[in-house]
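Visitor: Please take one part of this structure and look at it closely with me. Short sentences would help.

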Amino acid sequence: MSGDRNSDTERVGIDDLLERVRAGFDRIGPSEAAAAASDGALLVDIRYAELRERDGLIPGALVVERNELEWRLDPQGSHRAPEAVSHDLQVVVVCNEGYASSLAAASLRQLGLYRATDLIGGFQAWRAAGLPVEA
């Protein structure tokens, strides 16, 4: 025995993990996210409060702190948000720049939300595209 607790576990760096996760679903850009929201998709803003206060909000987006995401969006969960109506719901996760949202979308997919994806470039790309933002 080598003494290394993780000797049987594959070690993956965050960049490799991000690449693997993103290969599992199609990410969408700001205009696609806006169109999806118009068609009933749920935009979920997982940015922390300081960023939301500094930069504003996407109108109509559900704000859920990252550490509560799975609890609030599991349609079978006891702590689900009213918007979490089914596993068929299209969810577009939005973080600040499009990194944490990829990992969050992958986690939602593990819960059976098979249409979960994320916004390429995050909130910053949404704003740069000139899409609506409210204070």
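Guide: What follows is a close look at one helix and its partner, and then at three single residues. This is a predicted model, so local features need pLDDT of at least 70, side-chain atom pairs count only at pLDDT 80 or more, and totals for chains, interfaces and linings use all residues. Residues are numbered from 1 along each chain as its sequence is written, and side-chain values use heavy atoms, with hydrogens and water left out.

First, the setting. The protein has 6 helices and 4 strands. Both are DSSP runs, numbered from the N terminus: helices are H or I with at least four residues, strands are E with at least two. Along the sequence, the pattern reads α-α-β-α-β-α-β-α-β-α. The C-alpha trace spans about 55 × 35 × 25 Å along its principal axes. Of the 135 residues, 42% are buried. Buried means under 20% relative accessible area, exposed means over 50%, and partly exposed lies in between (1.4 Å probe, protein chains only). Take contacts between residues at least 6 apart in sequence: 66% of them join residues at least 24 apart. Contact means heavy atoms within 4.5 Å.

Now the chosen part, helix H5, residues 100–110. Its buried residues are Ser101, Ser102, Ala104, Ala105, Ala106, Ser107 and Leu108. They pack against H1, helix H4 (69–73), strand S3 (91–94) and strand S4 (117–118). Glycine 112 follows H5, and its phi is positive, near 100 degrees.

How do H1 and H5 pack? Helix H1 covers residues 14–22, and its axis lies 9 Å from that of H5, at an angle of about 50 degrees. That makes H1 oblique to H5. Axes here are lines fitted to C-alpha atoms, for helices over the stretch in contact, and angles run from 0 to 180 degrees between N-to-C directions. Under 35 degrees counts as roughly parallel, over 145 as roughly antiparallel, 65 to 115 as roughly perpendicular, and the rest as oblique. The crossing of H1 and H5 is left-handed. In such a crossing the near helix is turned anticlockwise from the far one by less than a right angle; clockwise would be right-handed.

Which residues meet? From H1 come Ile14, Leu17, Leu18, Val21 and Arg22; from H5 come Ser102, Leu103 and Ala106. By class, the contact of H1 with H5 has 6 nonpolar, 1 polar and 1 charged residues. Ala, Val, Leu, Ile, Met, Phe, Trp, Tyr, Cys and Pro count as nonpolar, Asp, Glu, Lys and Arg as charged, and the others, Gly among them, as polar.

Next, single residues. Aspartate 45 sits in strand S1 (residues 42–45). Aspartate 45 is buried, at 1% relative accessible area. Leaving aside neighbours within four places in sequence, aspartate 45 contacts Arg52, Leu57, Ala61, Leu62, Val63, Val64 and Val94.

Arginine 54 lies in helix H3 (residues 49–55). Arginine 54 is exposed, at 56% relative accessible area. Beyond four places in sequence, arginine 54 touches Asn96 and Gln124.

Glycine 121 is in the loop between S4 and helix H6 (122–128). Glycine 121 is partly exposed, because its relative accessibility is 23%. Glycine 121 and asparagine 96 are 25 residues apart along the chain, yet their C-alpha atoms are separated by 7.5 Å. Beyond four places in sequence, glycine 121 touches Arg27, Asn96, Glu97 and Gly98.
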